[in-house]
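Reader: Could you take me through this structure feature by feature, giving the general idea before the particular case?

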Amino acid sequence: MAPSSQHCREKGETTMEIVVCVKQVPDTETRIKIDPAGKGIVREGIEYVVNPYDEFAIEEALVLKEKHGGKVTVITAGPDRAVDALRTALAMGADEAIHIQASQEDAVDSIGAAEVMARALKEIPFDIILCGKQAVDDDNAAFAPALAEFLGLPHVTVVTGLEVDPEAGEAQVVREIEGAQEHITTSLPAVIAAQKGLNEPRYPALRGIMQAKRKKIPVSTLADLGLEGETLPARTEVLSMMPPPPREGGEKYEGEPEETVARLIKALQAEKLV
């Protein structure tokens with residue numbers, strides 16, 4: 001499936017339409033508790049932040065804008081509080097934001113979220129779509145490939161290097177693979193999923209924070225996108241959720257180095273760890 005004509009660059013254009021998909025997630029320093037039903041988490045008292053991997057995507061979008069000109073639009077799907085993630089991106093330097101209202105709190109399905117986002121993106125122009133390689137709450141890294149599939153676009157994940165040639169309509173991408181790097185050339189538009197190391201996200205300046213507070217953010221509903229209900233569509237179901245088992249205390253070895261090392265090796269062999 002080829003992208004629709006409205007997303008194609010006109011000959012002679014030099015600026016870029018850059019879209020960043022972001023997700024609001026619980027702060028990684030928040031102490032998470034499982035709810036009584038065992039299928040979600042207790043939401044009261046949780047601090048929320050922009051997904052850390054999405055921050056790399058936002059920064060890369062701003063770098064592309066500074067280099068090639070154009071506009072950065074950030075988009076998210078979620079409840080009312082998700083607008084805070086958009087305002088963070090606006091404070092960093094994004095130009096516009098779109099909020100897709102959805103009330104689903106727990107067990108957000110990445111494929112369903114990708115379908116919703118794809119429907120919204122078909123209504124706006126873009127030359128490149130950026131997002132994080134995964135969200136730190138569900139950690140399944142499925143959103144970017146699914147979004148690309150719904151839009152009929154190429155995608156590259158775990159990206160640590162990106163150079164875009166708007167005139168040629170292509171991008172040179174570096175991605176991490178086990179023990180090496182992979183260099184890929186992809187046509188544009190494409191979906192690029194950012195990995196840590198792609199850049200160093202900037203901190204919002206005070207002026208940007210104040211401007212972001214005043215910025216009007218349009219809201220779309222799932223009904224506006226032709227979807228029924230108020231929650232994101234899901235193709236998976238969480239049957240149960242549980243905290244990781246408590247860590248056992250370690251054993252400390254003291255004494256002369258040679259004797260201590262010998263005891264350590266023997267203990268590791270007993271546990272079949274070496």
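Reader: Which residues are buried in helix H4?

Author: The general idea is that an α-helix has 3.6 residues a turn, so residues three or four places apart point the same way. In this predicted model, helix H4 spans residues 143–151, and its buried residues are Phe 143, Ala 144, Ala 146, Leu 147, Ala 148 and Leu 151. These buried residues of H4 pack against strands E1, E6, E7 and E10, and also against helix H3, which covers 110–121. Just after H4 comes Gly 152, whose phi is positive, at about 70 degrees.

Reader: Which residues other than glycine have a positive phi?

Author: Two cases can be read here, and the loop between E6 and H4 holds both Asp 139 and Ala 141. Asp 139 has a positive phi of about 60 degrees although it is not a glycine, while the phi of Ala 141 is near 55 degrees. As for their surroundings, Asp 139 is partly exposed with a relative accessible area of 46%, and Ala 141 likewise counts as partly exposed, at 35% relative accessibility.

Reader: In what order do the strands of the sheet stand, and what is their pairing?

Author: Strands of a sheet pair through backbone hydrogen bonds, either parallel or antiparallel. Here 9 strands form an open sheet with mixed pairing, in the order E9-E8-E7-E10-E6-E1-E4-E5-E11. At the edges stand strand E9 (180–187) and strand E11 (219–221), and because each has a single partner strand, one side of each is left without a neighbour in the sheet. On average, neighbouring strands of this sheet are turned by 30 degrees against each other, direction ignored.

Reader: How many bridges join strands E7 and E8, and in which sense do they pair?

Author: Strand E7, residues 155–165, and strand E8, residues 170–177, pair over 6 bridges in the antiparallel sense. Within this pairing, Val 164 stands opposite Ala 171 in E8.

Reader: Which strands do helices H1 and H2 lie across?

Author: Helix H1, made of residues 52–68, lies across strands E1 (16–21), E4 (70–78), E6 (128–132), E7 and E10 (191–194), and runs at about 150 degrees to E6. Helix H2, residues 83–92, lies across E4 and strand E5 (96–101), with a direction at about 170 degrees to E5.

Reader: Returning to the edge strand E9, is Thr 186 buried or exposed?

Author: The reading rests on a cut-off, since buried means under 20% relative accessible area. Thr 186, which lies in strand E9, has 6% relative accessibility and therefore counts as buried. Leaving aside residues up to four places away in sequence, Thr 186 touches Pro 154, Val 156, Gly 169, Glu 170, Ala 171 and Val 173. One of these contacts, Ala 171, is the residue of E8 that stands opposite Val 164.

Reader: What is the peptide bond from Leu 188 to Pro 189, cis or trans?

Author: The peptide bond from Leu 188 to Pro 189 is cis, with omega near 5 degrees. Pro 189 is found in the loop between E9 and E10.

Reader: Finally, which residues make the nonpolar surface patch?

Author: Leu 206, Ile 209 and Met 210 make a nonpolar surface patch of about 280 Å². Ile 209 has its place in helix H5, which comprises residues 206–214, and with a relative accessible area of 32% Ile 209 is partly exposed.

Note on methods: Residues are numbered from 1 along each chain as its sequence is written. This is a predicted model: local features need pLDDT of at least 70, side-chain atom pairs count only at pLDDT 80 or more; totals for chains, interfaces and linings use all residues. Side-chain values use heavy atoms; hydrogens and water are left out. Two strands pair if DSSP finds at least two bridges between them. Helices (H or I, at least four residues) and strands (E, at least two) are DSSP runs, numbered from the N terminus. Axes are lines fitted to C-alpha atoms, for helices over the stretch in contact, and angles run from 0 to 180 degrees between N-to-C directions. Contact means heavy atoms within 4.5 Å. Patches are made of residues with over 30% relative accessible area and no salt bridge: like charges are joined within 9 Å, nonpolar side chains (Val, Leu, Ile, Met, Phe, Trp, Tyr) within 5 Å. Accessible areas come from the Shrake-Rupley method with a 1.4 Å probe; for residues, only the protein chains shown count as cover. A salt bridge is a side-chain nitrogen of Lys or Arg within 4 Å of a carboxyl oxygen of Asp or Glu. Buried means under 20% relative accessible area, exposed over 50%, partly exposed in between (1.4 Å probe, protein chains only).
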